[in-house]
Amino acid sequence: MYRRTVRLLVALVMVMTGAWAGTLATAGTAHADGCYTWNRTLSRGSSGADVTQLQIRLGGYPGYGAVLAVDGDFGPATEAALKRFQSAYGLAADGVAGPNTFNKLYALQDDDCTPIHFSYSELNDCNTTWSGGAVSASTAKANALRTMWKLEAMRHALGDQPITVTSGFRSYACNSAVGGAGNSRHLYGDAADLGAGPHSLCTLAKQARNHGFRGILGPGYPGHNDHTHLDHRDSQFWSASSCGI
Ligand SMILES: [Zn+2]
């Protein structure tokens, strides 16, 4: 009698586990959208295009003053960034990208791969295309995507309140029209100007230091008292003297 009960219980648990796994798989498929679907678990030592896709989305979690390389190799920096992402969203911070991590990423991305709170049009308000800048249209657009994922991380870290982008990619014509610097990172598509509200410009400038932006210009830097400029230039340059940066 006892053994039979145990067997029944085991069978019941197996059925329930199976049902639960099925539910998870269905949920994952439902959330995977027109953008990208991961087909395997990724961890330290993994490499490939799926790692690259993961790194783009973890770009906002490199740690203070750091930038996460988007190179398709899952090394210690990617693992650390993944753990920060998992912690930020209440997932087990094991540094392994499995179904829970991917489902969260699916929930955070739109069909065009942009994070849910930012859009290509928002990062390209001066032009109708991505051409005419200092890099090819495809590079400018890819750079803007990386910026958006960094902004998504920053938005979440600041309590999920809106961040307003006032300028993104600029062609040379656009850049001249708005009086941008001749070598502006806006010509590369990787810059974003942020306006105040609900966060102050200094709050934005300071927080950006944690999210993979090598270039941060804010209040106190010439021409930047009415916005905070972020970009990913080649070497770090932060200046917002009114904010103590
Ligand atoms: Zn700017």
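The following dialogue examines side-chain contacts and a metal site in a predicted model.

Trainee: How many aromatic pairs does the model contain, and how is such a pair described?
Mentor: A pair of aromatic rings is described by the distance of the centres and the angle of the planes. Ring centres must lie within 6.5 Å to pair. By this rule, the count is 9 aromatic pairs.

Trainee: Is the pair of Trp 38 and Tyr 106 stacked, edge-to-face or tilted?
Mentor: The two ring centres are 5.8 Å apart, and the planes make an angle of 35°. Planes under 30 degrees apart count as stacked and those over 60 as edge-to-face, so an angle that fits neither is given the remaining name. The pair of Trp 38 and Tyr 106 is therefore tilted.

Trainee: How many residues apart are Trp 38 and Tyr 106, and where do they lie?
Mentor: Trp 38 belongs to the loop between helix H1 and helix H2. Tyr 106 belongs to helix H4, and the pair links distant parts of the chain. The two are 68 residues apart.

Trainee: Are Trp 38 and Tyr 106 buried or exposed?
Mentor: Trp 38 has a relative accessible area of 6%, and the value for Tyr 106 is 6%. Buried means under 20%, so both residues fall in that class. Trp 38 and Tyr 106 are buried.

Trainee: Which residues make up the cluster that contains Trp 38 and Tyr 106?
Mentor: Ring pairs link these two residues with others into a cluster. The members are Tyr 36, Trp 38, Phe 102 and Tyr 106.

Trainee: Which residue lies over the face of Tyr 120?
Mentor: Tyr 120 is buried, as is Trp 130. The face of the Tyr 120 ring has a lysine over it, at 4.6 Å from the ring centre. That residue is Lys 141.

Trainee: Which parts of the chain does the salt bridge between Arg 40 and Asp 50 tie together?
Mentor: The closest N and O atoms of Arg 40 and Asp 50 are 2.6 Å apart. Asp 50 is buried at 12%, whereas Arg 40 is partly exposed at 37%. Because Arg 40 and Asp 50 lie in separate parts, 10 residues apart in sequence, the pair ties together the loop between H1 and H2 and helix H2.

Trainee: Which residue forms a salt bridge with Asp 193?
Mentor: Asp 193 lies in strand E2, and its partner is in the loop between strand E1 and helix H6, so the pair ties together parts 23 residues apart in sequence. Asp 193 is buried at 4%, and the partner is buried at 9%. The side chains meet at 3.2 Å, N to O, and the partner is Arg 170.

Trainee: Which residues coordinate the zinc ion?
Mentor: The donors follow the spacing H-x6-D-x35-H along the chain. Two histidines and one aspartate supply them, at 2.0 Å. The residues are His 186, Asp 193 and His 229.

Trainee: How many residues apart are His 186 and His 229?
Mentor: His 186 lies in the loop between H6 and E2, and His 229 lies in strand E4. His 186 is buried at 2%, and His 229 is buried at 5%. The pair links distant parts of the chain, and the separation is 43 residues.

Notes: Residues are numbered from 1 along each chain as its sequence is written. This is a predicted model: local features need pLDDT of at least 70, side-chain atom pairs count only at pLDDT 80 or more; totals for chains, interfaces and linings use all residues. Side-chain values use heavy atoms; hydrogens and water are left out. Rings of Phe, Tyr and Trp (its six-membered ring) pair if their centres lie within 6.5 Å; planes under 30 degrees apart count as stacked, over 60 as edge-to-face and the rest as tilted. Helices (H or I, at least four residues) and strands (E, at least two) are DSSP runs, numbered from the N terminus. Buried means under 20% relative accessible area, exposed over 50%, partly exposed in between (1.4 Å probe, protein chains only). A charge sits over a ring if NZ of Lys or CZ of Arg is within 6 Å of the ring centre and within 35 degrees of the ring normal. A salt bridge is a side-chain nitrogen of Lys or Arg within 4 Å of a carboxyl oxygen of Asp or Glu. Donors are N, O and S atoms within 2.8 Å of the metal (3.2 Å for Na, K and Ca); water is not among the atoms, so sites may look incomplete.
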